[in-house]
Amino acid sequence: MKSKRRIFFCAGAVIILLALAAAMMVIGRGHTLYFDNVALEYEGQTYESPYKVKVEVKGEQVANLHAKDRGTSIWIGQNFKMMVDVTEEKGGQEQRYAVNLKLPYNMDGIIINIPAVMAGLPPEAWCSEFIQMIVEEDVEDPAGTEDEFGIGGDLGGDLGGDMGM
């Protein structure tokens, strides 16, 4: 009796885990999106950046970009929807566009080039992966020496007092 009960509970746990995994696949993964308002050259043609772009995601303005600016947002899932307000030149009329994009599943940090999206270019033109560059700075020890734990050799004077000697 106990073995049938144990098998029943183990099978139930496996079914629950599989259902949870299936739900997570449907929901999708999270993405950090970076919006670039930068001129782009694609297949020999140059696409200039507009004077100003406002990006709205889920009813909230997430970026107000002038030329050569970058904004950011978080999105969960593969089907990204945004509203874009574009002003081509200073003092010009603002035009509103609804944009739907299919995000790649294999990227977390995605750079979306706004001029390429607005020109209707394919994903390889407007989508690229954000790769963070880590810059290491050379830090010199002011005392000149360090031990194996990274502690400098000059401790700044008498720390322990007289110690009775």
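**Sheets, aromatic pairs and surface features of the predicted model**

Phenylalanine 9 is exposed, as its relative accessible area of 51% lies over the 50% cut-off. The structure described here is a predicted model. Phenylalanine 8 is likewise assigned to the exposed class, with a relative accessibility of 61%. A pair of aromatic rings is described by the distance of the centres and the angle of the planes. Across the whole structure, 4 aromatic pairs were found. In one of them, the ring centres of phenylalanine 8 and phenylalanine 9 are 5.8 Å apart and the ring planes stand at 65 degrees, so this pair is classed as edge-to-face. Ring pairs also join Phe35, Trp75 and Phe80 into a cluster.

Helix 1 spans residues 2-27 and contributes 4 residues to a nonpolar surface patch, the most of any element. The patch covers about 520 Å² and consists of Leu17, Leu20, Met24, Ile27 and Ile76. Leucine 17, one of these residues, is located in helix 1. Its relative accessibility is 57%, and leucine 17 therefore counts as exposed.

Strands of a sheet pair through backbone hydrogen bonds, either parallel or antiparallel. One open sheet comprises 4 strands arranged in the order 6-1-9-10, and its pairing is mixed. The edges of this sheet are occupied by strand 6 (70-76) and strand 10 (127-129); each has a single partner strand, so one side of each lacks a neighbour in the sheet. From one strand to the next, the twist averages 30 degrees. Within this sheet, strand 9, formed by residues 109-113, pairs with strand 10 in the antiparallel sense, and 3 bridges connect the two. Isoleucine 112 is placed opposite cysteine 127 of strand 10.

A further open sheet, also of 4 strands, has the order 5-4-7-8 and antiparallel pairing. Strand 5 and strand 8 (94-102) form its edges; because each has a single partner strand, one side of each is left without a neighbour in the sheet. The twist in this sheet averages 25 degrees from one strand to the next. Strand 4 pairs with strand 7 (residues 79-87) over 5 bridges, in the antiparallel sense. Across this pairing, glutamate 56 faces methionine 83, which belongs to strand 7.

Two lysines in loops have positive phi values. Lysine 58 is situated in the loop that connects strand 4 (52-57) with strand 5 (60-66). Its phi is near 55 degrees, a positive value in a residue that is not glycine. With a relative accessible area of 69%, lysine 58 is exposed. Lysine 68 occupies the loop between strand 5 and strand 6. The phi of lysine 68 is about 70 degrees, again positive although the residue is not a glycine. Lysine 68 has a relative accessibility of 72% and so counts as exposed. Strand 5, which borders both of these loops, is an edge strand of the sheet with the order 5-4-7-8, whereas strand 6 stands at an edge of the sheet with the order 6-1-9-10.

Terms used. Residues numbered from 1 in each chain as written. Predicted model: local features only at pLDDT ≥ 70, side-chain atom pairs only at ≥ 80, totals over all residues. Heavy atoms only, no water. Patch = residues over 30% accessible without salt bridge, like charges linked within 9 Å, V, L, I, M, F, W, Y side chains within 5 Å. Areas by Shrake-Rupley, 256 points an atom, 1.4 Å probe, with all protein chains shown as cover. Salt bridge = Lys/Arg side-chain N within 4 Å of Asp/Glu carboxyl O. Buried < 20%, exposed > 50% of the residue type's maximum accessible area, 1.4 Å probe, protein only. Pairing = 2+ DSSP bridges. Axes fitted to C-alpha atoms, helices over the stretch in contact; angles between N-to-C directions. Phe/Tyr/Trp six-rings, centres within 6.5 Å; stacked < 30°, edge-to-face > 60°.
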